Amino acid sequence: MSISVIIPTYNRPKELRDALCSILRQTELPKEVIIVDDSSNSQTRELVTQMSDNFLDNGVMLKYIRNTKEQSLTICRNLGVTYARGEIILFLDDDVILVSRLKPSI
């Protein structure tokens with residue numbers, strides 16, 4: 001089953017970078033990661049541009065969406081869902097660091 005990860009963010013590029021790096025360290029990767037930006041500057045867009053090749057190299061599409069409506073976590077999540085293509089949708093906050101899971105030994 002394919003997974004879409006949606007991450008709303010607001011002016012937290014450092015935390016978002018850490019969250020994105022933790023996604024890439026997982027044993028099972030999502031189909032796509034959708035960043036919905038509510039920020040007041042362009043730092044998040046620049047971060048996504050910088051990291052997109054690394055995601056593509058791992059077979060994951062990193063998408064950037066700018067929220068042009070009112071600032072709202074709910075609006076950002078709903079906006080992300082409209083762009084999601086996965087069968088399962090996972091919402092993460094921009095400061096969530098996923099723990100790496102080791103592959104079981106046989």
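I began with strand E1 and strand E4 (residues 88–91), which run parallel and are joined by four bridges; two strands pair if DSSP finds at least two bridges between them. The names follow DSSP runs numbered from the N terminus, helices being H or I runs of at least four residues and strands E runs of at least two. Within this pair I found Ile6 opposite Phe91 in E4.

Before going on I noted that this is a predicted model, in which local features need pLDDT of at least 70 and side-chain atom pairs count only at pLDDT 80 or more, while totals for chains, interfaces and linings use all residues. Residues are numbered from 1 along each chain as its sequence is written, and side-chain values use heavy atoms, with hydrogens and water left out.

I then looked up the other partner of E1, and found that E1 and E2 pair in the parallel sense over six bridges, with Val5 opposite Val33 in E2. E2 is in turn joined to E3 by six bridges, again in parallel, and here Val36 stands opposite Ile65.

For the connections, I recorded that E1, helix H1 (residues 13–24) and E2 make a right-handed β-α-β unit, as do E2, helix H2 (residues 43–57) and E3. Right-handed means that, with the strands pointing away from the viewer, the path from the first strand over the helix to the second runs clockwise.

How much of E1 is covered? Six of its seven residues are buried, that is, under 20% relative accessible area with a 1.4 Å probe and protein chains only, whereas exposed means over 50% and partly exposed lies in between.

Next I turned to helix H3 (residues 73–83), whose buried residues are Cys76, Leu79 and Gly80. Seen down the axis of H3, these fall within an arc of 100°, taken from the directions from the axis to the C-beta atoms, so they line one face of the helix. The face turned away from the buried side carries the exposed residues Thr74 and Thr82. The cover over the buried residues of H3 includes strands E1 (3–9), E2 (32–37) and E3 (61–66), contact meaning heavy atoms within 4.5 Å.

Last came the nonpolar cores, each a set of buried Ala, Val, Leu, Ile, Met, Phe, Trp, Tyr and Cys residues joined through side-chain atoms within 4.5 Å. The largest has 15 residues, and Ile7, Leu20 and Phe55 are among those with the most contacts inside it. Apart from this core lies another, of seven residues, including Ile6, Ile34, Val36 and Leu79.
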